[in-house]
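Let's take a walk through one part of this fold, looking at how a few pieces sit against one another. Have the viewer open and follow along.

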Amino acid sequence: MKYDFDEIIERRGTGCVKWDESEEGVIPLWVADMDFAVAPAIQETVRQRAQHPIYAYTLVGNEYYDAIISWFQRRHGWTIAREHILYTTGVVPAISCTLQALAMAGEKVVILSPDYNCFFSSIRNSGCEVSECVLQFSRNNNRFEIDWDDFEERCADEKATIFLLCNPHNPTGRVWHRDELQLMSDICRRHHVTIVSDEIHCELIMPGNTFVPMATVDDDAIILNSSSKSFNTAGLQIANIICTDSEKRRRIERAININEVCDVNPFAPLALIAAYNDSEAWVDELNQYLWGNYTALCDFVTQHIPSWTVMPLEGTYLVWVKIKDCNDIATYSKDILEKAKVWVNPGTMYGPQSGEGYLRINIACPRSLLLEALSHIARVMF
């Protein structure tokens with residue numbers, strides 16, 4: 001491999017949420033960022049810009065939009081018009097602005113539960129209600145699937161106005177197939193529900209799987225994406241909203257300005273350009289390394305932690321693990337932290353009922369660190 005994902009990089013003392021919020025001696029496998037150096041092209045671009053002594057208000061130029069359009073066209077076959085792109089400071093602000101622009105207080109937002117924890121808070125902070133369609137694990141197909149009858153019933157509710165999709169899905173690791181996306185679209189159209197698709201993990205795709213942008217299935221869907229998750233640049237804070245409907249786009253842009261998340265820093269646009277124009281080989285190698293980490297985790301669990309069942313990973317670097325006979329995952333994960341000194345997330349963060357009995361583990365770290373953490377857990381907990 002050209003890039004060294006095995007390198008251990010000291011992150012403590014850098015103001016890092018993942019490491020500096022953890023006590024000394026704790027291995028953090030929780031918050032969704034990676035312990036890998038970002039792609040060399042991104043490092044060099046940021047370094048060059050930092051040499052200029054003024055970091056003022058930033059103009060986002062044509063090269064930024066060209067990089068986005070080129071990336072999604074060549075990598076995913078999705079043609080984006082420049083005028084359909086709105087930028088903001090992150091996908092979570094994008095979610096909140098979109099909900100505030102398109103849903104009235106008291107209306108319902110449908111999600112697939114368990115789901116990204118910020119979906120719950122963004123929906124409630126927007127004055128809306130969460131409508132959870134709980135995913136079901138299919139032993140026949142070895143994956144989480146949608147209960148289509150329940151999904152349609154929720155979309156048919158007269159108070160339901162938005163379906164907030166996570167594609168690929170955090171935390172279950174599903175990469176939705178085109179036929180599944182088509183059925184989502186058909187049901188939402190039938191009931192006049194707007195699809196808002198968070199696609200921040202879209203480049204983190206494991207071998208044998210293919211990411212399908214929802215916009216290639218339903219051109220009325222509103223897409224939220226960013227280079228930040230795939231290229232490990234979350235701290236630079238930038239994301240995009242792609243909306244083809246001019247009136248909805250106007251309302252979303254107004255919400256972006258009302259919430260004052262319309263200005264980005266001078267490094268973020270340049271980092272996105274370097275990611276999309278010059279770092280494709282890096283993200284491809286990253287996915288191969290992540291798959292190796294997933295395989296190593298599965299092998300370790302099979303040999304040493306028989307009470308765990310590792311769910312299939314199709315996308316993201318967040319592994320969903322079922323714990324046998326566990327009815328209090330919050331206490332279980334707390335015990336792992338206190339006894340094994342490994343920080344993982346309890347599944348109830350992603351759905352109080354649907355996430356019970358599960359852990360979410362971030363495997364985006366050097367393999368030696370992942371195996372060290374698992375060894376701590378196996379030695380102390382079992």
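How many bridges join strand β12 to strand β15? Keep in mind that this is a predicted model. The count is five, linking β12 (residues 318-323) to β15 (residues 358-362), and the two strands run antiparallel. If you want one pair to click on, try K322, whose bridge partner in β15 is Y358.

Now zoom out to the sheet these strands belong to. It's an open sheet of four strands, in the order β11-β12-β15-β14, with antiparallel pairing. At the edges stand β11 (308-310) and β14 (345-346); each has a single partner strand, so one side of each is left without a neighbour in the sheet. As background, strands of a sheet pair through backbone hydrogen bonds, either parallel or antiparallel.

Next, bring in the helix α11. It lies across β11, β12 and β15, and runs at about 155° to β11.

Helix α11 (residues 280-304) also packs with another helix, α3 (residues 62-76). Their axes are 13 Å apart, and the angle between the two helices is about 50°. An angle like that falls outside the parallel, antiparallel and perpendicular ranges, so α3 and α11 count as oblique to each other. As for handedness, α3 passes α11 in a right-handed crossing.

Which residues meet there? From α3 come W71, R74 and R75, while α11 brings E280, V283 and D284. Sorted by character, the residues of this contact are two nonpolar and four charged, with no polar ones.

Notes:
Residues are numbered from 1 along each chain as its sequence is written. This is a predicted model: local features need pLDDT of at least 70, side-chain atom pairs count only at pLDDT 80 or more; totals for chains, interfaces and linings use all residues. Side-chain values use heavy atoms; hydrogens and water are left out. Axes are lines fitted to C-alpha atoms, for helices over the stretch in contact, and angles run from 0 to 180 degrees between N-to-C directions. Angles under 35 degrees count as roughly parallel, over 145 as roughly antiparallel, 65 to 115 as roughly perpendicular and the rest as oblique. A crossing is left-handed if the near helix is turned anticlockwise from the far one by less than a right angle, and right-handed if clockwise. Contact means heavy atoms within 4.5 Å. Ala, Val, Leu, Ile, Met, Phe, Trp, Tyr, Cys and Pro count as nonpolar, Asp, Glu, Lys and Arg as charged, and the others, Gly among them, as polar. Two strands pair if DSSP finds at least two bridges between them.
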